[in-house]
Amino acid sequence: MAVTLPTVSLSLVPLLLGYGVLLFNSLTDYLTFSVYPLTLVLPASIGLWLQPPQLNGPFYLLLGLLLSLYLLAKFTHKFGLGDVDILIMLTLLATPAVVLTSLTMAAFGALLILLLDRQRTHLPFVPFLTWGFILCTQLV
């Protein structure tokens, strides 16, 4: 009687690597309000290689949103460029629907924290993105 080991789907590898990178950057964002963009390159590259994005309406909508957030971060300093980098990595790991749902969940979570703690002036957003993305990918 042969024992078979469970196999890991190849498309699961960038997702698991992405989770690790998200957790690492969540911690650094929480502690220092910074993100390490070089850590995002490997999961994003593998995700792009294994699942190239479909150039359709939802993708272009997400691309427009990313460009808007980049401009908002660049010119107003109300939103971090590291958050945009994280969203670009997520775009290369999952479908636009998952990324947009994750971003919506993250925004609601951050808004709730800001409403509960009115004295807070800065809020690390990557932990919220991580929470939203992991929930969305695990519940779908």
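I'll start with the largest pocket, which has a volume of about 590 Å³. Bear in mind throughout that this is a predicted model.

Which elements give two or more residues to the lining of that pocket? They are α4, residues 81–93, and α5, residues 96–116. Of the elements, α5 gives the most to this lining, with 5 residues. In total the largest pocket is lined by 22 residues. If you want to find its centre on the screen, go to K78, F79, G80, D83 and L123, which are the lining residues nearest to it. One of these, D83, falls inside the 81–93 range of α4. As for chemistry, the lining of the largest pocket divides into 13 nonpolar, 6 polar and 3 charged residues.

Now the second largest pocket. Its volume is about 220 Å³. Fifteen is the count here: 15 residues line the second largest pocket, and those closest to its centre are L15, Q51, L93, A94 and T137. The elements that supply two or more lining residues are α1 at 12–32, α2 at 38–50, α4, and α6 at 126–139. Among these, α1 gives the most, with 3 residues. How many charged residues does the lining of the second largest pocket have? None: by class there are 10 nonpolar and 5 polar residues, and no charged ones.

Put the two linings side by side. Helix α4 gives two or more residues to the largest pocket, and α4 also gives two or more to the second largest. Charged residues number 3 in the lining of the largest pocket, against none in that of the second largest.

Next, the chain that holds these pockets. The protein chain has 6 helices and 0 strands, so to speak a plain list to read out: α-α-α-α-α-α along the sequence. Along its principal axes, the C-alpha trace spans about 65 × 35 × 25 Å.

On burial and contacts, the protein chain has 140 residues, and 36% of them are buried. For contacts with a sequence separation of 6 or more, 68% are between residues 24 or more positions apart.

Last, the surface. The protein chain exposes about 9000 Å². What share of that area do carbon and sulfur atoms supply? The figure is 72%.

To recap the pockets: the largest, at about 590 Å³, takes most from α5 among the elements, and the second largest, at about 220 Å³, takes most from α1.

Note on methods
Residues are numbered from 1 along each chain as its sequence is written. This is a predicted model: local features need pLDDT of at least 70, side-chain atom pairs count only at pLDDT 80 or more; totals for chains, interfaces and linings use all residues. Side-chain values use heavy atoms; hydrogens and water are left out. On a 1 Å grid over the protein atoms alone, a cavity is a set of points where a 1.4 Å probe fits but cannot get out, and a pocket is an open set with protein on both sides within 12 Å along at least five of seven lines; lining residues have an atom within 4 Å of a point. Grid points are joined across faces, edges and corners, and a volume is the space filled by probe spheres set on the points. Helices (H or I, at least four residues) and strands (E, at least two) are DSSP runs, numbered from the N terminus. Ala, Val, Leu, Ile, Met, Phe, Trp, Tyr, Cys and Pro count as nonpolar, Asp, Glu, Lys and Arg as charged, and the others, Gly among them, as polar. Buried means under 20% relative accessible area, exposed over 50%, partly exposed in between (1.4 Å probe, protein chains only). Contact means heavy atoms within 4.5 Å. Accessible areas come from the Shrake-Rupley method with a 1.4 Å probe; for residues, only the protein chains shown count as cover.
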